[in-house]
Amino acid sequence: MKKSVLTLVLLFVTSIFYSQSIIGKWKTIDDETGEAKSIVEIYERSGKIYGKVTEILDAKRAKSICQDCSGDDANKPILGLTIIKGLKKDGKEYNSGEILDPTNGKLYRCLIELKEKDKLKVRGYIGISLFGRTQYWYRVK
């Protein structure tokens, strides 16, 4: 009986932690068209946050490569590409990292904030966060 109660409490605590975390799969929504574009899996490695494209929702673009990317990302398939790199938790948001826009190959400074348990604010910017754009991504269940 005690083991059952302990197991239920641990499952409850784990579900609360999971729902308050940015870790998981997120559907990206284009801020200009409002269309769903891809699924990005956000994960933690060595205390930093990363995000990788795990699915492209437009079948015509499923085999696209990052033609305008530079460095290690040059001419790699967008599917499987790490687009969020090295974010650190800072209060309620994650920042001090970068986000790659595979459509133009540019890297931007990035901040991410969990707005609701299933809604993520993702902002890419140059210089200060005033000069950038924001997308809202939604958790995939």
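Which residue in strand 4 is the bridge partner of Lys52? The partner is Thr82, and the pair belongs to a sheet that is described below.

The structure is a predicted model, in which local features need pLDDT of at least 70 and side-chain atom pairs count only at pLDDT 80 or more, while totals for chains, interfaces and linings use all residues. Residues are numbered from 1 along each chain as its sequence is written, and side-chain values use heavy atoms, with hydrogens and water left out.

## Overall fold

The chain has 1 helix and 8 strands. Both kinds of element are DSSP runs numbered from the N terminus: helices are H or I runs of at least four residues, and strands are E runs of at least two. Along the sequence the order of elements is α-β-β-β-β-β-β-β-β. The 8 strands make a closed barrel in the order 1-2-3-4-5-6-7-8, and their pairing is antiparallel. From one strand to the next, the twist averages 30°; axes are lines fitted to C-alpha atoms, for helices over the stretch in contact, and angles run from 0 to 180 degrees between N-to-C directions.

Of the 141 residues of the chain, 34% count as buried. Here buried means under 20% relative accessible area, exposed means over 50%, and partly exposed lies in between, with a 1.4 Å probe and protein chains only.

## Strands 2, 3 and 4

Strands of a sheet pair through backbone hydrogen bonds, either parallel or antiparallel. Two strands are taken as paired if DSSP finds at least two bridges between them. Strand 2 (residues 36–45) runs antiparallel to strand 3, and 8 bridges join them. The two strands form a hairpin with 2 residues between them, and Ser46 in the turn has a positive phi of about 55°. Within this pairing, Glu41 has Lys52 of strand 3 as its bridge partner.

On to the next pairing: strand 3 (residues 48–56) and strand 4 (residues 82–90) are antiparallel over 3 bridges. Lys52 has Thr82 as its partner in strand 4, and Gly51 stands opposite Ile84 in strand 4.

## Cysteines

A disulfide is a covalent bond between the sulfur atoms of two cysteines. In the search it is a pair of cysteine sulfur atoms within 2.5 Å, and the whole structure holds 1 disulfide. Cys66 and Cys69 form it, with their sulfur atoms 1.6 Å apart. The link of Cys66 and Cys69 is right-handed, with 45° about the S-S bond. Cys66 is buried at 0% relative accessibility, and Cys69 is buried at 7%. Cys110 is buried too, with a relative accessible area of 0%.

## Salt bridges

Side chains of opposite charge can pair when their charged atoms come close. A salt bridge is counted when a side-chain nitrogen of Lys or Arg lies within 4 Å of a carboxyl oxygen of Asp or Glu. The whole structure has 7 salt bridges, including those in the table.

| Pair | N to O distance | Citation |
|---|---|---|
| Asp30 and Lys37 | 3.5 Å | closest N and O atoms |
| Arg133 and Asp31 | 3.1 Å | side chains |
| Lys115 and Glu113 | 3.8 Å | side chains |

Asp30 is buried, with a relative accessible area of 11%, whereas Lys37 is partly exposed at 31%. Arg133 lies in strand 8 and Asp31 in the loop between strand 1 (24–29) and strand 2, so the pair ties together parts that are 102 residues apart in sequence. Arg133 is partly exposed at 36% relative accessible area, and Asp31 is partly exposed at 34%. Lys115 is partly exposed at 42% relative accessibility, while Glu113 is buried at 18%. Salt bridges with shared partners join Asp31, Asp101 and Arg133 into one network.

## Surface patch

Ile128, Leu130 and Phe131 form a nonpolar patch on the surface, and together they have about 360 Å² of accessible area. Patches are made of residues with over 30% relative accessible area and no salt bridge; like charges are joined within 9 Å, and nonpolar side chains (Val, Leu, Ile, Met, Phe, Trp, Tyr) within 5 Å. Accessible areas come from the Shrake-Rupley method with a 1.4 Å probe, and for residues only the protein chains shown count as cover. Ile128 lies in the loop between strand 7 (119–125) and strand 8 (132–139).
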